[in-house]
Amino acid sequence: MASLNPLPSSGNVRSWSGCRPDSQHRINMVFSTPDAGGAQVGSRPVIMLIEDDPDLLAMCRAYLERAAFSVRHATDTRGGLSAIERDRVDLVVLDLGLPDGNGLDLLRSLRHGERSQIPVIIVTGRGEEADRVVGLELGADDYLVKPYSQRELVARIRAVLRRAAAEAPAATVIHVGGLMIDTGAHVIRASGEPISLTPREYMLLEFLATTPGRVYSRDQLLAHVWDSSGDWQARATVDEHVYRLRRKLNAAGVSSPRIITVRGFGYRLDA
């Protein structure tokens with residue numbers, strides 16, 4: 001699996017069917033070194049570039065870093081999905097033509113996975129209109145057609161990030177039983193101590209906590225929490241996440257609220 005391979009420290013700006021240099025915006029090929037944990041540098045948005053052309057990758061990375069973004073990268077679908085699931089990522093720039101498969105497969109997996117809300121800009125060639133249409137239908141937020149300018153890349157990233165911020169719900173704090181759920185920080189606390197949850201476990205518990213006492217079927221939970229359905233995802237996915245949530249709440253000493261199984265129907269949260 002090729003993931004987060006090191007980039008060359010220098011190179012020449014050349015022409016190719018990808019991210020072309022702007023005539024008035026020449027750049028030096030100098031890269032900052034990310035910290036060992038791959039964390040965000042300062043408060044800069046983190047952009048994941050998934051591209052297998054090393055020259056194109058190096059050039060776009062350098063320009064994005066000059067534009068005050070923190071940049072991560074991968075060169076194939078497996079490495080890209082692994083990095084997105086592991087690291088903090090605010091937006092993905094995804095080339096659809098990757099060596100180990102179509103980028104559309106990665107987009108489909110992302111939209112039905114733990115990090116489904118991350119904005120994605122897909123990159124295609126001029127003659128690939130069908131891929132662009134399918135990508136948008138799968139949930140891509142925007143697209144770029146090669147060759148594109150670096151300024152257009154930055155402008156589209158900023159526009160998508162602005163839309164994502166505007167669409168984000170206002171942060172609230174939910175108190176249910178012995179839990180405090182901070183929807184802005186995505187933190188759940190019991191007796192003042194945070195409980196370590198995966199993103200999907202958090203989303204499931206937060207969703208149930210918004211309407212305690214209401215019963216939801218597995219299909220309803222797949223739709224609301226996974227943005228999926230039984231046609232795409234096994235209903236046992238819900239059962240597995242409920243099982244893990246119960247174990248973590250018990251380990252944290254939480255006796256209320258409890259996730260109750262309603263046989264033949266689904267689950268509810270009792271405070």
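**Cis prolines, cores and cavities in a predicted model**

P257 sits in the loop that runs between α8 and β14 (258-262). The structure discussed here is a predicted model, and this proline makes a convenient way in, since the peptide bond from S256 to P257 is cis, with omega near 5°. A second bond of this kind joins K146 and P147, where omega is about -5°. P147 also belongs to a loop, in this case the one between β8 (142-145) and β9 (148-149). For context, most peptide bonds are trans, and most residues other than glycine have a negative phi.

That last point brings two further residues into view. A68, although not a glycine, has a positive phi of about 75°, and S191, likewise not a glycine, has a positive phi of about 55°. The loop between β12 and β13 (193-194) holds S191, and S191 is exposed because its relative accessible area, 76%, is over the 50% cut-off. A68 is placed in the loop between α1 and β3 (70-74). With a relative accessible area of 40%, A68 is partly exposed. Setting aside residues up to four places away in sequence, A68 touches R44 and P45. The C-alpha atoms of A68 and R44 are 6.3 Å apart in space, while the two residues are 24 apart in sequence.

Stepping back to the whole chain, the protein has eight helices and 15 strands. Of its 271 residues, 44% are buried. Contacts between residues at least 6 apart in sequence are made in 62% of cases by residues at least 24 apart.

How is the nonpolar interior arranged? The largest nonpolar core has 26 residues, and the members that touch the most others are L179, L204 and L221. Two or more residues of this core come from each of β10 (173-176), β11 (179-182), β12 (187-190), α6 (199-210), α7 (218-225), α8 (236-251) and β15 (266-270). The most is given by α6, with six residues. A second, separate core of 21 residues includes I47, Y63, V123 and I157. Returning to the largest core, L179 offers a good view of the surroundings: beyond the residues up to four places away in sequence, L179 touches I174, I188, R189, A190, I195, L205, L249, V254, S256 and P257. Both residues of the cis bond from S256 to P257 are thus among the contacts of L179.

Helix α2 (residues 77-86) gives another picture of packing. Its buried residues are T77, G79, G80, L81, A83 and I84. These buried residues pack against β2, β3, β4, β5 (97-98), β6 (101-102) and α3 (103-111). At the N-terminal end, α2 is capped by D76, with a side-chain oxygen 3.5 Å from the backbone nitrogen of R78.

A look at the loop between α7 and α8 leads to R235. At 41% relative accessibility, R235 is counted as partly exposed. Apart from its neighbours within four places in sequence, R235 is in contact with R218, D219, L222 and G230. With D219, the side chain of R235 makes a polar contact of 2.7 Å. R235 and S217 are 18 residues apart in sequence, and their C-alpha atoms are 9.6 Å apart in space.

Finally, there is the matter of empty space. Rolling a probe the size of a water molecule over the atoms shows where such space is left. Across the whole structure, a search finds two cavities of 30 Å³ or more. The largest cavity has a volume of about 60 Å³. Its lining is made up of L49, I50, E51, L56, L57, C60, V93, D95, V123 and Y148. Elements giving two or more residues to this lining are β2 (46-50), α1 (54-66) and β4 (91-95), and the largest share, three residues, comes from α1. In character, the lining residues divide into eight nonpolar, no polar and two charged. One lining residue, V123, is also included in the second core.

Technical notes:
Residues are numbered from 1 along each chain as its sequence is written. This is a predicted model: local features need pLDDT of at least 70, side-chain atom pairs count only at pLDDT 80 or more; totals for chains, interfaces and linings use all residues. Side-chain values use heavy atoms; hydrogens and water are left out. On a 1 Å grid over the protein atoms alone, a cavity is a set of points where a 1.4 Å probe fits but cannot get out, and a pocket is an open set with protein on both sides within 12 Å along at least five of seven lines; lining residues have an atom within 4 Å of a point. Grid points are joined across faces, edges and corners, and a volume is the space filled by probe spheres set on the points. Helices (H or I, at least four residues) and strands (E, at least two) are DSSP runs, numbered from the N terminus. Ala, Val, Leu, Ile, Met, Phe, Trp, Tyr, Cys and Pro count as nonpolar, Asp, Glu, Lys and Arg as charged, and the others, Gly among them, as polar. Buried means under 20% relative accessible area, exposed over 50%, partly exposed in between (1.4 Å probe, protein chains only). Contact means heavy atoms within 4.5 Å. A polar contact is a pair of N or O atoms within 3.5 Å; within protein, one must be able to donate a hydrogen and the other to accept it, and residues adjacent in sequence count only if both atoms are side-chain atoms. A nonpolar core is a set of buried Ala, Val, Leu, Ile, Met, Phe, Trp, Tyr and Cys residues joined through side-chain atoms within 4.5 Å.
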